[in-house]
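Hi,

Here is the structure I promised to pass on. Have a look at it first, and then read my notes underneath.

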Amino acid sequence: MYDYVPGTYKSTYTEEIDGTTVEQERSIILNEDHTGKMIFQDEVLQDEVDILWYSHEIVTTDGTNTYEYTIEGDNLMINLNDEWITFTK
């Protein structure tokens with residue numbers, strides 16, 4: 001039923017830090033067993049959060065955050081803090 005969902009989805013963007021433009025990457029890994037990780041990294045910080053995914057929600061395993069998402073083709077769109085971000089498989 002969810003065969004099209006599992007995979008690694010990535011999003012890159014540029015941000016200005018202390019006057020320097022830096023490319024940053026975010027990844028969402030959705031495993032077949034409905035577990036996964038959200039990985040946000042830049043040159044200074046790497047944050048990795050364990051998640052569970054459902055039909056239209058991603059939930060952190062500690063239960064503190066829930067994110068709405070949808071998948072269209074190879075794109076995963078997720079609502080992160082009221083901003084829809086597109087990740088590509």
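Below is what I found in it, going from the core to the pocket and then to two threonines.

A word on the ground rules: this is a predicted model, so local features need pLDDT of at least 70 and side-chain atom pairs count only at pLDDT 80 or more, while totals for chains, interfaces and linings use all residues. Residues are numbered from 1 along each chain as its sequence is written, and side-chain values use heavy atoms, with hydrogens and water left out.

The core first. The largest nonpolar core (buried Ala, Val, Leu, Ile, Met, Phe, Trp, Tyr and Cys residues joined through side-chain atoms within 4.5 Å) has 16 residues. Ile-28, Leu-30, Met-38, Ile-58, Tyr-69, Leu-76 and Ile-78 touch the most other members. At least two core residues come from each of strand 2 (20–30), strand 4 (46–53), strand 6 (66–72), strand 7 (75–80) and strand 8 (83–88); strands here are DSSP runs of E, at least two residues long, numbered from the N terminus. Beyond four places in sequence, Ile-28 is in contact (heavy atoms within 4.5 Å) with residues including Met-38, Ile-58, Leu-76 and Ile-78.

Next, the largest pocket, at about 180 Å³. Pockets were found on a 1 Å grid over the protein atoms alone, as open sets of points where a 1.4 Å probe fits, with protein on both sides within 12 Å along at least five of seven lines; lining residues have an atom within 4 Å of a point. The volume is the space filled by probe spheres set on the points, which are joined across faces, edges and corners. Among the lining residues are Arg-26, Met-38, Phe-40, Thr-60, Tyr-67 and Glu-83. Strand 3 (35–41) and strand 8 are the elements that give two or more residues to this lining.

Thr-60 sits in strand 5 (residues 57–60). Is Thr-60 buried or exposed? Thr-60 counts as buried, because its relative accessibility is 6% and the cut-off for buried is under 20% (exposed is over 50%, partly exposed in between; 1.4 Å probe, protein chains only). Its side chain makes a polar contact with the side chain of Asp-62 at 2.8 Å (N or O atoms within 3.5 Å, one able to donate a hydrogen and the other to accept it; residues adjacent in sequence count only if both atoms are side-chain atoms).

Thr-86, in strand 8, is partly exposed at 41%. Thr-86 and Thr-60 lie 19 Å apart, C-alpha to C-alpha.

Cheers

Methods. Helix = DSSP H or I, 4+ residues; strand = E, 2+ residues; numbered from the N terminus.
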